[in-house]
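Trainee: Could you walk me through how the labels on this one are earned? I'd like to see the reasoning behind each term.

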Amino acid sequence: MPDSDPEHDERIIVALDGMDEPTALALARELADMVWGFKVNDLLLRGGLELVARLSRLGRVFCDPKLHDIPNTVASEVDVLERAGADLITLHAAGGGAMLPAAREACRGLPRLLAGTVLTSPSEAAARGSSGGGGSREG
């Protein structure tokens with residue numbers, strides 16, 4: 001893994017989703033010295049914590065499960081992902097005032113927590129439906 005400063009590292013994160021574990025690991029080995037690290041979402045569910053550990057030996061790992069649950073459950077999940085080797089972990093900000101601090105308190109070291117507010121939506125109508133917002137209107 002390169003010794004660059006993670007705060008100022010401008011290299012890309014390679015998404016390993018949509019592929020099987022052997023293909024993802026082969027790609028990660030090939031790109032390890034050229035990228036910031038590797039993002040796993042659906043692959044996290046397929047490969048589990050052992051996959052996170054294996055990827056962490058090749059580079060940084062961005063786990064993108066978008067955690068959202070009661071505070072102690074999310075804190076436990078953050079702890080488990082950190083122990084496996086996650087460097088970035090996503091949460092859903094809708095979890096609110098108690099969940100987010102509980103997740104932060106569960107971190108013992110490196111992992112950065114990223115909280116999303118609205119997931120990518122295919123249309124403005126879908127975004128309005130998930131956020132309750134009015135969106136824009138032409139008229």
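Trainee: What makes β2 and β3 count as paired?

Mentor: Keep in mind that this is a predicted model. Pairing takes at least two bridges between the strands. β2 and β3 are joined over 4 bridges, in the parallel sense, so they pass. One of the partners is Phe62 in β3, which bridges to Lys39.

Trainee: Why is β3 called largely enclosed?

Mentor: Because 6 of its 8 residues are buried. Take Cys63: the cut-off for buried is under 20% relative accessible area, and Cys63 has 0%, so it is buried.

Trainee: And Lys66, which label does that one get?

Mentor: Lys66 sits in strand β3, residues 60–67. Its relative accessibility is 31%, and partly exposed lies between 20% and 50%, so Lys66 is partly exposed. Its phi is also worth a look: near 50 degrees, a positive value in a residue other than glycine. Most residues other than glycine have a negative phi.

Trainee: How do you know how many disulfides there are?

Mentor: A disulfide needs two cysteine sulfur atoms within 2.5 Å, and the structure holds 0 of them. As for Cys107, its relative accessibility is 11%, under the 20% cut-off, so it counts as buried.

Trainee: What makes the largest nonpolar core a core, and which residues have the most contacts inside it?

Mentor: Its members must be buried residues of the nonpolar kinds, joined through side-chain atoms within 4.5 Å. The largest such set has 33 residues, and those with the most contacts inside it are Leu16, Phe38, Val40, Leu55, Cys63 and Val78. At least two core residues come from each of α1, β2, α2, β3, α3, β4 and α4. In soluble globular proteins, nonpolar side chains tend to be buried together.

Trainee: Which residues does Leu16 touch, leaving aside its neighbours within four places in sequence?

Mentor: Leu16 is in contact with Ala24, Leu27, Ala28, Phe38, Lys39, Val40, Leu43 and Leu55.

Trainee: Why is Leu114 called partly exposed?

Mentor: At 35% relative accessibility, Leu114 falls between the 20% and 50% limits, so partly exposed is the right label. Leu114 is in strand β5, residues 112–116. Leaving aside neighbours within four places in sequence, its contacts are Phe62, Leu88, Ile89, Thr90 and Leu91. His92 is 22 residues away from Leu114 along the chain, with 8.3 Å between their C-alpha atoms.

Trainee: What makes the link between Asp79 and Arg108 a polar contact?

Mentor: The distance limit for a pair of N or O atoms is 3.5 Å. The side chains of Asp79 and Arg108 are joined at 2.3 Å, so the pair is within that limit. Asp79 is placed in helix α3, residues 71–84. Setting aside neighbours within four places in sequence, Asp79 is in contact with Ala106 as well as Arg108.

Trainee: How are the elements ordered along the chain?

Mentor: From the N terminus they run β-α-β-α-β-α-β-α-β-α, with 5 helices and 5 strands in the chain. Among contacts between residues at least 6 apart in sequence, 60% join residues at least 24 apart.

Trainee: And what share of the chain is buried?

Mentor: Of its 139 residues, 37% count as buried. The accessible surface comes to about 8000 Å², with 53% belonging to carbon and sulfur atoms.

Conventions
Residues are numbered from 1 along each chain as its sequence is written. This is a predicted model: local features need pLDDT of at least 70, side-chain atom pairs count only at pLDDT 80 or more; totals for chains, interfaces and linings use all residues. Side-chain values use heavy atoms; hydrogens and water are left out. A polar contact is a pair of N or O atoms within 3.5 Å; within protein, one must be able to donate a hydrogen and the other to accept it, and residues adjacent in sequence count only if both atoms are side-chain atoms. Contact means heavy atoms within 4.5 Å. Buried means under 20% relative accessible area, exposed over 50%, partly exposed in between (1.4 Å probe, protein chains only). Accessible areas come from the Shrake-Rupley method with a 1.4 Å probe; for residues, only the protein chains shown count as cover.
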